[in-house]
Amino acid sequence: MNEILSTPGPAVRDESEIGRYLRWLESRRQLTFPDYDSLWQWSVTDLEGFWSSVWEFFDVRPHTPPTAALGRRSMPDTEWFPGATLNYAEHALGREEDRDAVAVVAHSQTRAPIELTFGELRDQVARARAGLLRLGVRKGDRVVAYLPNIPETLVAFLATTSIGAVWAACAPEFGPRSVVDRFAQLEPKVLLTVAGYRYGERDVDRRTEVAEIAALLPTLERVVHVPYGPNALPDALGWPELLAEPGEPAFEPVPFDHPLFVLFSSGTTGIPKAIVHRHGGILLEHLKNNALSWDLKPGDRMLWFSTTAWMLWNTLVSALLVRASIVMIDGNPVHPDLREQWRIAQDTGATLMGVSPGYLMACRKAGIRPAEEFALPRLRQLGAAGSPLAADGFRWVAEQFGDQVLLNVGCGGTDVCTGILQGSPLQAVRAGEISGPCLGVAAYAYDSEGRRVVGELGELVITEPMPSMPVGFWGDTDGSRYRAAYFEEFPGVWRHGDWVRFAPEGHCVVAGRSDATLNRGGVRLGTAEFYAVVEDLPGIEDSLVVHIEDPEGGNGELLLFVAGPVELDDTLRTAIARALRSALSPRHVPDVIEQVPAVPRNRTGKKLEVPVKRILLGARPESVASGDVLTDPRSLDPFVAYAAGRATATACATDTGAGTGTGTGHGSAS
């Protein structure tokens with residue numbers, strides 16, 4: 001068991017939102033829970049009781065009340081809150097008493113900061129709603145956005161939602177192919193877009209891309225240009241024209257399951273899945289997550305850098321549901337330097353700051369001391385998601401902030417648009433481990449036979465339904481693709497696709513994607529533990545490991561690729577092997593270690609382990625990953641070259657009758 005870095009303080013039940021919820025349960029439901037574990041157990045056993053309590057505690061006000069909390073329990077055809085009608089946007093925009101509270105603070109490298117109150121946001125949403133109605137947008141129509149993380153995007157989203165139309169977004173750094181692959185599935189009526197933006201010191205012109213995207217979406221009736229930077233789109237309707245006429249706030253009542261927005265899978269293999277999320281499910285899940293896990297409440301401020309294509313953008317926006325304000329950041333998050341996000345947190349008075357584990361580790365390596373260098377008196381939680389955080393990252397945060405800040409590391413995903421495993425003010429923090437499953441999430445580890453395992457790696461599964469599980473995939477009329485994606489492996493049980501190990505007490509370690517898990521001579525190894533060791537070595541900034549199986553059942557070949565400023569030589573190879581052998585096991589020592597200029601990642605920061613493996617097995621790069629979804633479109637090139645070299649060497653060895661063997665590799669793939 002890793003060391004405990006913090007435990008809930010004596011005042012947590014008096015000062016936190018989860019403490020307020022526990023007091024409410026005791027007074028209203030006569031339910032008493034001494035600790036988080038007992039509360040979680042109830043939340044995944046009495047689904048009707050738990051989710052109806054979330055509805056009541058957060059004062060969800062439907063247009064038509066539900067006849068029950070749960071109509072049908074079995075997955076994937078669960079029925080939640082039958083009969084209810086409501087609207088997400090109505091809950092996000094606050095009430096009359098919230099008009100003067102700050103809703104949005106926006107920081108951008110393209111223009112000066114912007115601040116909006118809830119009243120100003122309501123007015124702009126009402127105007128945008130009226131404008132969309134003039135364009136013919138109605139309930140069920142699709143409105144898509146090629147927009148950055150700016151207030152206009154939020155306004156357009158809430159206006160679309162208020163009508164009962166369906167929203168989807170791509171960040172403007174996506175190329176036309178990636179955008180069309182996503183948006184064409186939805187047959188949208190309106191496209192909102194910018195003509196360019198500024199990223200650090202670089203001006204980016206997107207007029208050509210916008211024209212190509214619009215030409216390839218035949219159902220489009222109008223393009224709306226949001227002014228952002230110097231470029232114009234003369235043939236488009238201007239944003240000021242869309243908002244020209246005032247309107248009264250109004251909200252179309254829609255069923256609980258009515259589509260709210262569509263999120264897309266990363267698209268690294270084939271056409272991205274169009275994942276449909278529902279009004280009621282996202283409303284309830286984000287109320288629960290943002291308040292009970294992230295401890296957000298009125299007057300708080302949430303900062304989490306995200307593009308509009310990532311599910312964290314939707315979760316950020318949902319901080320408005322609990323009357324916290326949000327910080328919207330657009331541009332290069334490390335410009336002019338690595339300290340920029342800490343500066344913004346200081347300037348905006350963030351109470352919850354979300355970052356990537358890679359950012360925390362980079363700050364640690366750079367010797368940044370945020371608690372000393374910046375005034376962060378309001379900061380109570382530091383969230384981290386997107387990839388596993390090494391134990392040394394946990395210790396670094398504890399050293400910087402002590403008991404002032406709760407480190408809340410989570411694992412979730414686009415598929416459920418929330419956290420699955422996470423912490424809360426009521427849970428202990430252990431170095432290198434996630435605190436446990438979220439409330440209402442029956443998360444366990446299964447072996448290949450569908451048996452629950454503890455203390456060993458297994459598939460991350462969810463055995464009970466959640467309201468934020470998708471309605472389905474857009475266009476999947478019979479639900480076959482949806483069932484195959486999540487329920488084929490274990491019928492009636494959600495298989496999430498991560499590899500996890502739970503301790504008996506419930507805390508856990510996520511070891512990477514299960515489809516990238518390394519099967520070394522019959523023993524499965526997670527990729528995350530490799531990276532924690534390798535990337536802590538001096539001079540190594542990033543790494544990627546893949547395993548090429550032996551069709552005859554042997555150990556196969558373990559290949560490690562590293563990126564960083566130092567030159568990979570025999571001394572460094574030996575140091576890497578020694579570190580892995582010592583920290584993990586002899587099975588973790590690679591057969592080959594190569595250097596690459598950069599590790600390929602998608603735009604949400606995930607390493608592309610499976611696409612790289614497929615390239616090494618002979619697949620064409622364009623068949624495994626679209627360059628538009630990569631942070632660096634050239635990052636796959638060294639792996640293509642390396643694969644070609646391997647194929648040539650294998651052919652030569654076959655021609656000469658020589659064996660290939662294995663061993664610590666030499667040379668460079670760069």
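**Chat about charged residues and helix packing**

User: Let's start with arginine 452: is it buried or exposed?

Analyst: Arginine 452 counts as exposed, because its relative accessibility is 56% and the exposed class starts over 50%. Keep in mind that this is a predicted model.

User: OK, and where does arginine 452 lie?

Analyst: Arginine 452 is in the loop that runs between strand 26 (443–446) and strand 27 (458–462).

User: Which residues is arginine 452 in contact with, leaving aside its neighbours within four places in sequence?

Analyst: Arginine 452 has contacts with Tyr444, Ala445 and Tyr446 once those neighbours are left aside.

User: Switching to arginine 129. Where is its place?

Analyst: You'll find arginine 129 in helix 6, which covers residues 118–134.

User: And how far away is its nearest side chain of opposite charge?

Analyst: That side chain belongs to glutamate 252, 5.3 Å from arginine 129. Arginine 129 is buried, yet it has no salt bridge. The cut-off for a salt bridge is within 4 Å.

User: What is arginine 129 in contact with, leaving aside neighbours within four places in sequence?

Analyst: With those neighbours left aside, arginine 129 has contacts with Ala159, Ser162, Ile163, Ala250, Phe251 and Glu252.

User: How do the axes of helix 6 and helix 7 cross?

Analyst: The axes of helix 6 and helix 7 (residues 151–163) come within 8 Å, and they cross at roughly 60°. That angle is why helix 6 and helix 7 are oblique to each other. Their crossing is right-handed.

User: Which residues in helix 6 meet helix 7?

Analyst: From helix 6 you get Leu121, Gln124, Val125, Ala128, Arg129, Leu132 and Leu133. On the helix 7 side they meet Leu154, Val155, Leu158, Ala159, Thr160, Ser162 and Ile163. Arg129 is the buried arginine we just talked about.

User: Why do residues three or four places apart point the same way?

Analyst: An α-helix has 3.6 residues a turn, so residues three or four places apart point the same way.

User: Which side chain of opposite charge is nearest to aspartate 476?

Analyst: That would be arginine 481, which is 5.4 Å away from aspartate 476. Aspartate 476 is buried and has no salt bridge. Its place is in the loop between strand 28 (472–473) and helix 17 (480–486). Not counting residues up to four places away in sequence, aspartate 476 touches Arg481 and Tyr482.

User: How many salt bridges does the count come to?

Analyst: The count comes to 37 salt bridges. One of them joins the side chains of aspartate 59 and arginine 95, at 3.4 Å from N to O. Aspartate 59 sits in the loop between helix 4 (47–57) and strand 2 (70–72), and arginine 95 in the loop between helix 5 (88–92) and strand 5 (102–108), so the pair ties together parts that are 36 residues apart in sequence.

User: What is the relative accessible area of aspartate 59?

Analyst: Aspartate 59 has a relative accessible area of 33%, which makes it partly exposed. Arginine 95 is partly exposed too, with 27%.

User: What meets glutamate 152 in a salt bridge?

Analyst: Arginine 111 does, with the side chains 2.7 Å apart, N to O. This pair links distant parts of the chain, 41 residues apart: glutamate 152 is in helix 7, and arginine 111 is in the loop between strand 5 and strand 6 (114–117). Glutamate 152 counts as buried at 11% relative accessibility, while arginine 111 is partly exposed with a relative accessible area of 24%.

User: Which residue forms a salt bridge with arginine 207?

Analyst: Aspartate 205, and the closest N and O atoms are 2.6 Å apart. Arginine 207 counts as partly exposed at 37% relative accessibility, and aspartate 205 counts as partly exposed at 35%.

User: Which residues do salt bridges that share partners join into one network?

Analyst: Shared partners put Glu3, Arg364, Asp392, Arg395 and Asp536 into one network of salt bridges.

User: Last topic, helix 18: why is it largely enclosed by the rest of the structure?

Analyst: Because six of the eight residues of helix 18 are buried. The buried ones are Thr527, Ala528, Phe530, Tyr531, Val533 and Val534.

User: Which residues in helix 18 meet helix 19?

Analyst: Phe530, Val533 and Val534 in helix 18 meet Ile576, Ala579, Leu580 and Ala583 in helix 19. The axes of helix 18 (residues 527–534) and helix 19 (residues 570–583) come within 10 Å and cross at roughly 125°. The two helices are therefore oblique to each other, and helix 18 passes helix 19 in a right-handed crossing.

Conventions:
Residues are numbered from 1 along each chain as its sequence is written. This is a predicted model: local features need pLDDT of at least 70, side-chain atom pairs count only at pLDDT 80 or more; totals for chains, interfaces and linings use all residues. Side-chain values use heavy atoms; hydrogens and water are left out. Helices (H or I, at least four residues) and strands (E, at least two) are DSSP runs, numbered from the N terminus. Buried means under 20% relative accessible area, exposed over 50%, partly exposed in between (1.4 Å probe, protein chains only). Lys and Arg count as positive and Asp and Glu as negative; His and the chain ends are not counted. Contact means heavy atoms within 4.5 Å. Axes are lines fitted to C-alpha atoms, for helices over the stretch in contact, and angles run from 0 to 180 degrees between N-to-C directions. Angles under 35 degrees count as roughly parallel, over 145 as roughly antiparallel, 65 to 115 as roughly perpendicular and the rest as oblique. A crossing is left-handed if the near helix is turned anticlockwise from the far one by less than a right angle, and right-handed if clockwise.
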